Amino acid sequence: MVYLRLLVQLFISFIFLRSKQCFSSNQSPIILPLRIQNNHHISTRRLFSNSSSKTTGKLLFHHNVTLTASLTIGTPPQNITMVLDTGSELSWLRCKKEPNFTSIFNPLASKTYTKIPCSSQTCKTRTSDLTLPVTCDPAKLCHFIISYADASSVEGHLAFETFRFGSLTRPATVFGCMDSGSSSNTEEDAKTTGLMGMNRGSLSFVNQMGFRKFSYCISGLDSTGFLLLGEARYSWLKPLNYTPLVQISTPLPYFDRVAYSVQLEGIKVNNKVLPLPKSVFVPDHTGAGQTMVDSGTQFTFLLGPVYSALRKEFLLQTAGVLRVLNEPQYVFQGAMDLCYLIDSTSSTLPNLPVVKLMFRGAEMSVSGQRLLYRVPGEVRGKDSVWCFTFGNSDELGISSFLIGHHQQQNVWMEYDLENSRIGFAELRCDLAGQRLGLDVKNLA
């Protein structure tokens with residue numbers, strides 16, 4: 001019976017894969033509300049100047065804010081909430097009940113859930129893009145392990161299941177059924193059922209769904225947003241600026257070939273270009289130094305020399321405008337060491353210089369509250385602590401530039417897999433949501 005169900009799922013999957021290209025080009029876009037989930041338990045790393053150690057140990061890389069979408073899975077449908085992550089391939093759900101997790105998927109309650117054995121073609125041929133190779137567990141199931149930059153990990157087995165979102169139903173979708181793992185932030189993780197992998201890998205959610213384009217827009221004002229799967233054809237959407245995706249033919253040890261990798265060529269602060277050679281932005285012979293657009297990362301992290309130059313210039317241009325937090329031991333998020341004191345009663349930020357990220361063929365402007373982040377719970381007398389939203393990726397042990405979602409607020413972000421490019425344009429995402437018929441008041 002199990003193998004019969006598997007054969008049925010494989011047949012459905014085959015038919016779907018054969019027809020998805022034609023289907024995706026003609027269908028109307030699907031719009032899912034995004035909720036910007038705030039996690040108030042903030043972790044920072046503090047440095048101590050003692051003789052025994054320069055640091056406190058493992059770097060803490062926690063998200064204070066994540067983008068989440070709600071959909072249903074299984075038969076009968078079960079409600080789930082997934083973190084939107086363009087930096088990951090495999091979508092996975094928690095399938096094992098734990099005391100700390102209130103949201104799980106119960107595979108035993110679903111008639112359409114089917115485990116994938118390690119002897120199947122799906123396990124053998126469709127998992128090549130995963131970072132770690134799959135293995136065969138004692139039950140002869142296709143076993144996966146995923147490790148993340150914050151030292152957390154998830155593992156379990158692959159399975160087929162029916163996903164539903166908007167008006168569409170997608171049977172025989174491959175996902176990871178997680179039954180064990182370690183977390184760097186259990187309070188944050190307990191609020192979601194799993195993760196929606198949206199990179200360019202063959203098993204990513206967007207590729208399995210058959211969409212060749214998707215977009216999202218995040219509002220910085222009301223903690224709402226939306227994910228749009230498909231083509232966005234709206235008269236009110238201004239023309240996008242496009243930068244091509246970087247693609248390499250030869251595998252390199254530190255280059256993620258299925259990431260949304262673009263070429264950062266320079267940075268401006270109020271139209272002053274940082275005095276850096278273009279070579280510091282180009283990946284080296286190992287692939288280290290690529291630039292990735294990642295919705296699963298909150299802030300933007302730059303390699304050491306670039307971060308130092310940006311920090312120096314931003315400090316110079318904000319002298320007399322912002323008061324620096326003179327606490328050398330305070331490092332927010334383990335990599336953000338430029339923080340300021342701002343009067344807690346102030347309703348607006350002072351006029352700040354605009355930082356422009358210069359990509360190949362397009363520029364992204366970062367201004368206002370996208371430049372500074374108010375750290376919850378951190379006060380000094382009558383002042384709140386605000387930190388510069390660019391950090392040093394060297395301090396995280398990451399050999400890449402990461403463009404996080406905080407800098408993407410009030411920017412229409414389009415991921416065009418068909419033409420291998422990313423497009424963006426500034427606009428009010430709350431107003432865009434209203435034009436798309438979303439009730440933004442009920443999304444926060």
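Select residues 355-359 and 362-366 to bring up strands β23 and β24, which pair in the antiparallel sense over five bridges. You are looking at a predicted model, so keep that in mind as you click along. Within this pair, find Met 358 and look across to β24: the bridge partner there is Glu 363. Now move to the turn of the hairpin, where two residues lie between the strands. Gly 361 takes a positive phi near 85 degrees in this hairpin. Before leaving, colour β24 by accessibility: four of its five residues are buried, so the strand is mostly covered.

**An open sheet and its helix**

Next, display β20, β22, β26 and β25, in that order. These four strands form an open sheet with antiparallel pairing. Which strands stand at the edges? They are β20 (323-324) and β25 (372-380); each has a single partner strand, so one side of each is left without a neighbour in the sheet.

Zoom in on the β20 edge. Here β20 pairs with β22 (residues 339-343) in the antiparallel sense, over two bridges. Pick Val 324 and you will find its bridge partner in β22, Tyr 340.

Now add residues 304-318, helix α5. The helix lies across β20, β22 and β26 (383-388), and runs at about 30 degrees to β22.

**Two neighbours in one loop**

Go on to the loop between β28 (401-403) and β29 (411-416), and select Gln 409. Is this residue buried or exposed? Gln 409 is buried, because its relative accessible area of 17% is under the 20% cut-off. Show its surroundings and you will see that Gln 409 touches Ile 218, Gly 220 and Arg 370, leaving aside residues up to four places away in sequence. For a long reach along the chain, add Gly 225: this glycine is 184 residues from Gln 409 in sequence, yet their C-alpha atoms are 9.2 Å apart in space.

Step along to Asn 410, found in the loop between β28 and β29. Asn 410 is buried as well, with a relative accessible area of 18%. Check its backbone too: phi is positive, about 55 degrees, although Asn 410 is not a glycine. Why pause on that? Most residues other than glycine have a negative phi.

**A serine under cover**

Now jump to Ser 91, in the loop between β4 (78-85) and β5 (92-94). At 3% relative accessibility, Ser 91 counts as buried. Its contacts, not counting residues up to four places away in sequence, are Met 82, Phe 175, Gly 176, Leu 195, Met 196, Gly 197 and Phe 205. Draw a distance to Gly 197: the backbone nitrogen of Gly 197 lies 3.0 Å from a polar atom of the Ser 91 side chain.

**Two last backbone stops**

Select Thr 75 and Pro 76, which are joined by a cis peptide bond with omega of about 0 degrees. Pro 76 is in the loop between β3 (65-73) and β4. As background, most peptide bonds are trans.

Finish at Lys 140, in the loop between β7 (135-136) and β8 (142-147). Its phi is near 60 degrees, a positive value in a residue other than glycine. Is Lys 140 buried or exposed? With a relative accessible area of 59%, Lys 140 is exposed.

Note on methods. Residues numbered from 1 in each chain as written. Predicted model: local features only at pLDDT ≥ 70, side-chain atom pairs only at ≥ 80, totals over all residues. Heavy atoms only, no water. Pairing = 2+ DSSP bridges. Contact = heavy atoms within 4.5 Å. Axes fitted to C-alpha atoms, helices over the stretch in contact; angles between N-to-C directions. Buried < 20%, exposed > 50% of the residue type's maximum accessible area, 1.4 Å probe, protein only. Polar contact = N/O pair within 3.5 Å; in protein donor to acceptor, adjacent residues only side chain to side chain.
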